[in-house]
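This note is addressed to a colleague who meets the structure for the first time. Please read the numbered points with the sequence and the model in view.

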Amino acid sequence: MRFRHRPLHKSQAGLPEITAAAALVLGLWLLAMGWDWSVAQVNGSKYDYAPPQSYLDWGIIYVAAALGAFWLGFRGRPIVGALAVAVPVLALSGWRAAASEVIGANMWPLALGFWILTLGGAVAVAASVGFDSRRKPASRWRAWIERRTGPAAVRSD
């Protein structure tokens, strides 16, 4: 049995757009997370250490990855978009976590498993929502809103 390659529609994201979305997310990853993930001393104390990333840094990466996956899903490539955005971020995060110097046991495999579940889930949901919003015409959204709020909430200018 021969498998035929489905031709790319004009409205679908091509390789340059997928590469640009993944590169943008990786650029934000590098700016927000930094290259050296080794723990740093807090206030010069030799007993207090803190990770170099804050919760805001992680939030920026998750939002950027979700937006990239949403865009590629909206452009008709939800599976490729989710993988193109999540896999490089997860690979680089796992590598930098494994290469960092820590105090005590380096628990990077557990952290990588957590990132796979949370970031993978976030980009999968974002890509599927993007793809679903592409398929629904505006009239369907308008009807959905009218059913829940009444006809006065939606203007039909």
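The points below take up the overall fold, one helix pair and the aromatic residues.

1. Overall layout. The model is predicted. Its protein chain contains five helices and two strands, and the order of these elements from the N terminus is α-β-β-α-α-α-α. Of the 157 residues in the protein chain, 31% are buried. When contacts between residues at least 6 apart in sequence are considered, 68% of them join residues at least 24 apart.

2. Packing of α2 and α3. Two packed helices are described by the angle between their axes and the distance between the axes. Helix α2 covers residues 55–74, and helix α3 covers residues 78–99. Their axes come within 7 Å and cross at roughly 155°. Angles over 145 degrees count as roughly antiparallel, and α2 and α3 are therefore roughly antiparallel to each other. The crossing of α2 and α3 is right-handed.

3. Residues between the two helices. On the side of α2, the residues in contact are I61, A65, G68, A69, L72 and G73. They meet P78, G81, A82, V85 and V89 of α3.

4. Aromatic pairs. A pair of aromatic rings is described by the distance of the centres and the angle of the planes. The structure has eight aromatic pairs. In the pair of W29 and W35, the ring centres are 6.5 Å apart and the planes stand at 90°, so this pair is edge-to-face. The two partners differ in accessibility: W29 has 1% relative accessibility and counts as buried, whereas W35, at 42%, counts as partly exposed.

5. A stacked pair in α2. F70 and F74 also form an aromatic pair, with 6.4 Å from centre to centre and 10° between the planes, and this pair is stacked. Both residues belong to helix α2 and lie four residues apart, which means that about one helical turn separates them. F70 has a relative accessible area of 30% and is partly exposed; F74, with 32%, is also partly exposed.

6. The tryptophan cluster. Which residues do ring pairs link into a cluster? They are W29, W35, W37, W58, W95 and W115. For one of these residues, W95, there is a further feature: R96 lies over the face of the W95 ring, 5.0 Å from the ring centre.

Terms used. Residues numbered from 1 in each chain as written. Predicted model: local features only at pLDDT ≥ 70, side-chain atom pairs only at ≥ 80, totals over all residues. Heavy atoms only, no water. Phe/Tyr/Trp six-rings, centres within 6.5 Å; stacked < 30°, edge-to-face > 60°. Buried < 20%, exposed > 50% of the residue type's maximum accessible area, 1.4 Å probe, protein only. Lys NZ or Arg CZ within 6 Å of the ring centre and 35° of its normal. Axes fitted to C-alpha atoms, helices over the stretch in contact; angles between N-to-C directions. Parallel < 35°, antiparallel > 145°, perpendicular 65-115°, else oblique. Left-handed = near helix turned anticlockwise from the far one by under 90°. Contact = heavy atoms within 4.5 Å.
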